[in-house]
Amino acid sequence: MTDTSGLAGVLAPHVTKGPVPGAVGLVARGDEVEVAVVGHADAEGTTPLARDSIFRIASITKPLVAAAVLTLIEDGRLALDSPVAHWLPELAAPTVVRDPAGPVDDVVPAARPITVEDLLTFRAGWGFSSDFSLPAMQFLFPLMDPHHPMRMPEPDTWLAALARVPLLHQPGTAWLYNTCSDIQGVLIARVTGTSLPDYLAERIFTPLGMKDTGFEVPAAERARFTSQYVPTPDGGREPVDTPDGQWSGLPAFPSGAGGLVSTADDWWAFARMLLAGGGPVLSAESVRLMTTNHLTDGQRAASELFTEGQGWGYGGSVDVEPREKWQVPGRYGWVGGTGTAAHLTPSTGAVTILLTQLAMSGPTPPQIMRDFWAYAA
């Protein structure tokens, strides 16, 4: 029998009437937490979801990777104004298209070096604009494949390919989505001399007890791993990955933009760390920088991917002009294209995490997310 009360009652109709196979929702304020688990790990309904089910979290990977960059800054191995070319020499002499809508071979030199903070604020010049038809954008699409990470090349090959793509805007001038988080992942590996998975495990996951977060799902845990689906034009869904599929081993390219799997409780541990001032992972100042909007009003207005009063911190959005009832100034977090969302509000101590296995069909949050946020508010 389906629970129709509380959070479960909000999520259940999207499972019973819609294409979403299942959902795990968590709403917390301090030590008070409500968790709802509805539906199944697969569309066939053979495996019920559980609170500890493992999901592909997609772009809510980004805050975790940004936090890892900040640990390197705190260790003195990086600075916000450090030119990244010191560690990523492939990016030492980028060119910029003269006109974002113009040909990719009509370029000028970058006016200044790309810095670590450019990567954290998504203003390095590489990334996705709201107009996916721009010529330079066509060279970025082959450098990401969120549903098939095993198809991506290893980091050195990936970075060399990126270096051949001209910037869409001069460094520091415009917000562009996604690519900067992948560059952050390569930067972390180069600076530390280890792999991104190993460094995240050492400095973020292990200290916070995030035992189910990583770039692969071990065989012993795959019974808890969900299948993944994409929506079809007729309102249905089709499968794109199974528990023994793309995440059954480490990829050659661990994507800092969206390659992690995790659980609701693991991401909640990360959120509690930020709300508590960063310990044992970050300083309070790093948390403040991470959760503060760094974009100008003009940069926010120029990006139509921000349609609801949001700016950008490091690794996630920050609500600056609430336009919906669930928004609160300072709410930090992001959504993932696989159907995930995770936010925290420093002023209230609230955390909201929603994990589903039905991919989003575009940048507009699906109705299940909106209903979840409205309930949490």
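How much space lies in the largest pocket? In this predicted model, about 1100 Å³ of space lies in the largest pocket, and the sections below describe its lining before turning to the other spaces, two helix pairs and two backbone features.

## The largest pocket

The largest pocket, with its space of about 1100 Å³, is lined by 43 residues, and those closest to its centre are S59, M144, Y177, G336 and G337. Strand 11, which covers residues 332–336, supplies the largest share of this lining, with 3 residues.

By class, the lining of the largest pocket consists of 23 nonpolar, 16 polar and 4 charged residues.

## The second largest pocket

The second largest pocket holds about 310 Å³ of space, and its lining is made up of 19 residues, among which P19, L358, A359, P366 and Q367 lie nearest the centre. Helix 10 gives the most to this lining, contributing 3 residues.

In the lining of the second largest pocket there are 10 nonpolar and 9 polar residues, with no charged residue. Q367, one of the residues nearest the centre of this pocket, also belongs to the contact that helix 10 makes with helix 1, a pairing that is taken up further below.

## Cavities

The structure also holds 2 cavities of 30 Å³ or more. The largest cavity has about 50 Å³ of space and is lined by G125, W126, G127, A136, M137, L140, V165, P166 and L168; of these lining residues, 7 are nonpolar, 2 are polar and none is charged.

The second largest cavity, with a volume of about 40 Å³, is lined by F128, L140, L143, M144, W158, N178, T179 and D182, which divide into 5 nonpolar, 2 polar and 1 charged residues. L140 appears in the lining of the largest cavity and again in that of the second largest cavity, while M144 lines the second largest cavity and is also among the residues closest to the centre of the largest pocket.

## Helix 1 against helix 10

Helix 1 (residues 6–16) packs with helix 10 (residues 367–376) at an angle of about 165°, and the axes of the two helices are 10 Å apart. Angles over 145 degrees count as roughly antiparallel, and helix 1 and helix 10 are therefore roughly antiparallel to each other. The crossing in which helix 1 passes helix 10 is right-handed.

On the side of helix 1 the contact is made by G6, L7, V10, L11 and H14, and on the side of helix 10 by Q367, I368, D371, F372 and Y375. Sorted by class, the residues of this contact comprise 6 nonpolar, 3 polar and 1 charged.

## Helix 2 against helix 6

Helix 2 and helix 6 (residues 196–208) pack at an angle of about 90°, with their axes 10 Å apart. Angles of 65 to 115 degrees count as roughly perpendicular, which makes helix 2 roughly perpendicular to helix 6.

Helix 2 brings L64, V65, A67, A68, T71 and L72 to the contact, and helix 6 brings Y199, L200, R203, I204 and F205. The contact of helix 2 with helix 6 has 9 nonpolar residues, together with 1 polar and 1 charged residue.

## Backbone features in two loops

Two loops carry backbone features that can be located in the model. The peptide bond from G279 to P280 is cis, with omega near 0°, and P280 is placed in the loop between helix 7 (264–275) and helix 8 (284–290).

A58, a residue other than glycine, has a positive phi, near 55°. A58 lies in the loop between strand 3 (55–56) and helix 2 (62–74), and helix 2 is the helix that packs with helix 6 at an angle of about 90°.

Conventions. Residues are numbered from 1 along each chain as its sequence is written. This is a predicted model: local features need pLDDT of at least 70, side-chain atom pairs count only at pLDDT 80 or more; totals for chains, interfaces and linings use all residues. Side-chain values use heavy atoms; hydrogens and water are left out. Axes are lines fitted to C-alpha atoms, for helices over the stretch in contact, and angles run from 0 to 180 degrees between N-to-C directions. Helices (H or I, at least four residues) and strands (E, at least two) are DSSP runs, numbered from the N terminus. Angles under 35 degrees count as roughly parallel, over 145 as roughly antiparallel, 65 to 115 as roughly perpendicular and the rest as oblique. A crossing is left-handed if the near helix is turned anticlockwise from the far one by less than a right angle, and right-handed if clockwise. Contact means heavy atoms within 4.5 Å. Ala, Val, Leu, Ile, Met, Phe, Trp, Tyr, Cys and Pro count as nonpolar, Asp, Glu, Lys and Arg as charged, and the others, Gly among them, as polar. On a 1 Å grid over the protein atoms alone, a cavity is a set of points where a 1.4 Å probe fits but cannot get out, and a pocket is an open set with protein on both sides within 12 Å along at least five of seven lines; lining residues have an atom within 4 Å of a point. Grid points are joined across faces, edges and corners, and a volume is the space filled by probe spheres set on the points.
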